[in-house]
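Open the model in a viewer and keep the sequence panel beside it. The stops below go from the whole chain to single residues and end at a pocket.

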Amino acid sequence: LKDHENSDACFICLLSHGEEGYIYGTDGEMLALNQIFDLFNNNKCPLLKGKPKIFIVQACRGGSFDRGVSIDETDGGPAIPMIKQLPTLSDMIIGYPTQAGFYAWRNRERGSWYIEAIVKVFIKHAKHDDICTLFNRVSIHYTLPLFDIFTRTVLASTGQDFSM
């Protein structure tokens, strides 16, 4: 699209029900997320080449519930080597509220916890933080209420003491 010529980035939010790799359309039909991502690849959308393309997908990715794990400290990974050629799908950030195969949490009155966290974090910090820092903040903001609910309900039902 010629509209992207003067764009600095592309930010797309998809909010619906879904399963791993798919999202439901308003017609009830499933659409592969990769088909959507491919519409913005460097071949089909060359005017966005080298520009950030951020996809937020608010949808379940399966039917499992994440029970969590204890936190261990790990050290950083190896340095990223320099690349000389761009992949067809590059410069993209794809954000999901959950990992593959799991439900996405939402509040019946307020809606998606993930989208709520994105809105709160971006309103407060977008003027001074880079996109990766913003999403790290979203992850923390989104995870804390889930951990609280998890500890109060699922873990409490085991009869074990998981107090902090």
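Start with the whole chain, coloured by secondary structure. Read along the sequence, this predicted model follows the pattern β-β-β-β-α-β-β-β-β-α-α. That comes to three helices and eight strands. Colour next by relative accessible area: buried residues make up 31% of the 164 residues in the chain.

**Stop 1: strand 5**

Select residues 53-58, which form strand 5. Are its residues buried or exposed? Six of the six are buried, and the strand is mostly covered. Show the side chains. In a regular strand the side chains alternate between the two faces of the sheet. Here K53, F55 and V57 point one way, while I54, I56 and Q58 point the other way.

Now add the neighbours. Strand 1, residues 10-15, runs parallel to strand 5 and is joined to it by six bridges. To find the register, pick C13, whose bridge partner in strand 5 is I56. Then select residues 92-95, which are strand 6; strand 5 pairs with this strand too, in the parallel sense and over four bridges. Here the pair to label is F55 and I94, with I94 standing opposite F55 in strand 6.

**Stop 2: the three-stranded sheet**

Which strands make up the open sheet of three, and in what order? The order is 2-3-4, and the pairing is antiparallel. Select residues 18-19 for strand 2 and 30-32 for strand 4; these are the edge strands, each pairing on one side only. Strand 3 covers residues 22-24 and is joined to strand 2 by two bridges. Label E19 and Y22 to see one facing pair, with Y22 in strand 3.

**Stop 3: the loop around N41**

Move to N41, in the loop between helix 1 (33-38) and strand 5 (53-58). N41 has a relative accessible area of 7%, so it counts as buried, the cut-off being under 20%. Show its side chain together with the backbone of K44: a polar atom of the N41 side chain lies 2.7 Å from the backbone nitrogen of K44.

**Stop 4: helices 2 and 3**

Select residues 113-125 for helix 2, where K124 is found. K124 is exposed, with a relative accessible area of 62%. Draw a C-alpha distance from K124 to L134: the two are 10 residues apart along the chain and separated by 9.7 Å.

Helix 3 takes in residues 131-155 and includes N136. At 52% relative accessibility, N136 counts as exposed because the cut-off is over 50%. A C-alpha distance from N136 to V121 reads 9.7 Å, for a separation of 15 residues in sequence.

**Stop 5: the second largest pocket**

Display the second largest pocket, which holds about 240 Å³ of space. It is lined by 13 residues, and those closest to its centre are Q58, C60, A104, W105 and R106. Q58 was already met at the first stop, among the buried residues of strand 5. By type, the lining divides into seven nonpolar residues, five polar and one charged.

Why does this pocket lie between the two domains? Colour domain 1 (1-63 + 90-104) and domain 2 (105-163) separately: both give residues to the lining, so the pocket lies between them.

Key. Residues are numbered from 1 along each chain as its sequence is written. This is a predicted model: local features need pLDDT of at least 70, side-chain atom pairs count only at pLDDT 80 or more; totals for chains, interfaces and linings use all residues. Side-chain values use heavy atoms; hydrogens and water are left out. On a 1 Å grid over the protein atoms alone, a cavity is a set of points where a 1.4 Å probe fits but cannot get out, and a pocket is an open set with protein on both sides within 12 Å along at least five of seven lines; lining residues have an atom within 4 Å of a point. Grid points are joined across faces, edges and corners, and a volume is the space filled by probe spheres set on the points. Ala, Val, Leu, Ile, Met, Phe, Trp, Tyr, Cys and Pro count as nonpolar, Asp, Glu, Lys and Arg as charged, and the others, Gly among them, as polar. Domain bounds come from an automatic or database domain assignment. Buried means under 20% relative accessible area, exposed over 50%, partly exposed in between (1.4 Å probe, protein chains only). A polar contact is a pair of N or O atoms within 3.5 Å; within protein, one must be able to donate a hydrogen and the other to accept it, and residues adjacent in sequence count only if both atoms are side-chain atoms. Two strands pair if DSSP finds at least two bridges between them.
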